[in-house]
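User: Could you take a close look at one helix for me and walk me through how it sits among its surroundings?

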Amino acid sequence: MSGNPAVVMRLVASAYSVAEKAGAIVRKVLHSGDLGIVEKTGANDLQTLADRLAQKSICASLSRRFPKITIIGEEDLPIEEVREDLIENGQAEDILQRSCPEQYRALKEEELVVWVDPLDGTKEYTEASRCLHLQAVAQKPHKGLDKTHGTALWLLDNVTVLIGIAYGGRAIAGVINQPFYNYQLGAEADLGRTMWGMLGLGAFGFQLQEVPADKRIVTTTRSHSNKTVTDCVNAMEPHEVIRVGGAGNKIIQLIEGKASAYVFASPGCKKWDTCAPEAILHAVGGNNRKLTDMCGNAYCYNADVKHMNSAGVLATLRNHDYYVSRVPQSVLQALKSD
């Protein structure tokens, strides 16, 4: 580390450590068996103790070190004192050692907006918890889980912690923690991984792969579908459709070569769902790495924008214009652009 790292590099380094702390909280709550579930707007919009504790940890940790940044979290929580054991003071040394891109070196705390989804994929998280409960009741080992226990533990792959950093309305850096990565290896596995990226610097923590150019594999929602979503996916003429949970997980599907496009023609996503994933997608490099609405328009991440991504989400590693051109007029008419 040469001299004093730029504010944004210190923020990213903190966000990395804070995301890992939040991931540990998410695992701990799941293993406790007491999720403390409440419905926010309905059965498909849940909040758990893990959501609440992880957001408190993230927001309190970052605001303590960076008191002038704006932090916008998914959960509407009361203002109260946060327990010291939820505070993470660490910073990722590897990130602090890196040189800040020139265009961001002079940024001030008050110019940065942080978008936080403390637990993306809550529905899958709660389903996986029920699966674990059934497994415990049946006293069956992990590998013996059968189809009668629901969709099983693969749902844990859907769960992520998202911390996105924006400047001038643009997503410029992001951190994604996958708390249950490696769960397939069983109880002795070292669970979790964290990936991050920054424009002008690159993306780290994963191996970039792409779907073969002659294949169109679309990833979309598994739990928030409707006729508009289905019509749009079908219009892409995909060779395969992958239905998974979580916006962060769908971007992981793209950058690890499991899907070529993330298509969600619905206003269900929010800015905290897309800021971190968009930053990492763009940090990969290349003009075709894009996340937009279904019309091909970029989203803005200023502090005063509405939280809903009203015109849906379309993300690709390449051929973005093709996917935009395939969106039916009926779908565009059903959505409202930001």
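Here is the part I'd like covered: what does helix α2 (residues 49-65) span, and which residues in α1 and α2 meet?

Analyst: Sure, and keep in mind that this is a predicted model. Let's start with the length of α2. With 17 residues at 1.5 Å a residue, helix α2 should span 24 Å, and its end C-alpha atoms are indeed 24 Å apart, so the two figures agree. At the N-terminal end of α2 you'll find Thr-48 acting as a cap. One of its side-chain oxygens lies 3.2 Å from the backbone nitrogen of Ala-50.

Next, the surroundings. Twelve of the 17 residues of α2 are buried, so the rest of the structure largely encloses this helix. The buried set includes hydrophobic names you might expect, such as Leu-53, Ile-58 and Leu-62, but also Asp-51, Arg-52 and Gln-55.

Now for the partner helix. The axes of α1 (residues 7-32) and α2 come within 9 Å and cross at roughly 160 degrees. Angles over 145 degrees count as roughly antiparallel, so that is how α1 runs relative to α2. The crossing of the two is right-handed.

As for who meets whom, α1 brings Leu-11, Ser-14, Ala-15, Val-18, Lys-21, Ala-22, Ile-25, Val-26 and Val-29. On the α2 side, the residues they meet are Leu-49, Ala-50, Leu-53, Ala-54, Ser-57, Ile-58, Ser-61, Leu-62 and Arg-65. The spacing in those lists has a simple background: an α-helix has 3.6 residues a turn, so residues three or four places apart point the same way. Ala-50, then, is both in the set that meets α1 and among the buried residues of α2.

How values were computed: Residues are numbered from 1 along each chain as its sequence is written. This is a predicted model: local features need pLDDT of at least 70, side-chain atom pairs count only at pLDDT 80 or more; totals for chains, interfaces and linings use all residues. Side-chain values use heavy atoms; hydrogens and water are left out. Helices (H or I, at least four residues) and strands (E, at least two) are DSSP runs, numbered from the N terminus. The expected span of a helix is 1.5 Å times one less than its number of residues. Buried means under 20% relative accessible area, exposed over 50%, partly exposed in between (1.4 Å probe, protein chains only). A polar contact is a pair of N or O atoms within 3.5 Å; within protein, one must be able to donate a hydrogen and the other to accept it, and residues adjacent in sequence count only if both atoms are side-chain atoms. Axes are lines fitted to C-alpha atoms, for helices over the stretch in contact, and angles run from 0 to 180 degrees between N-to-C directions. Angles under 35 degrees count as roughly parallel, over 145 as roughly antiparallel, 65 to 115 as roughly perpendicular and the rest as oblique. A crossing is left-handed if the near helix is turned anticlockwise from the far one by less than a right angle, and right-handed if clockwise. Contact means heavy atoms within 4.5 Å.
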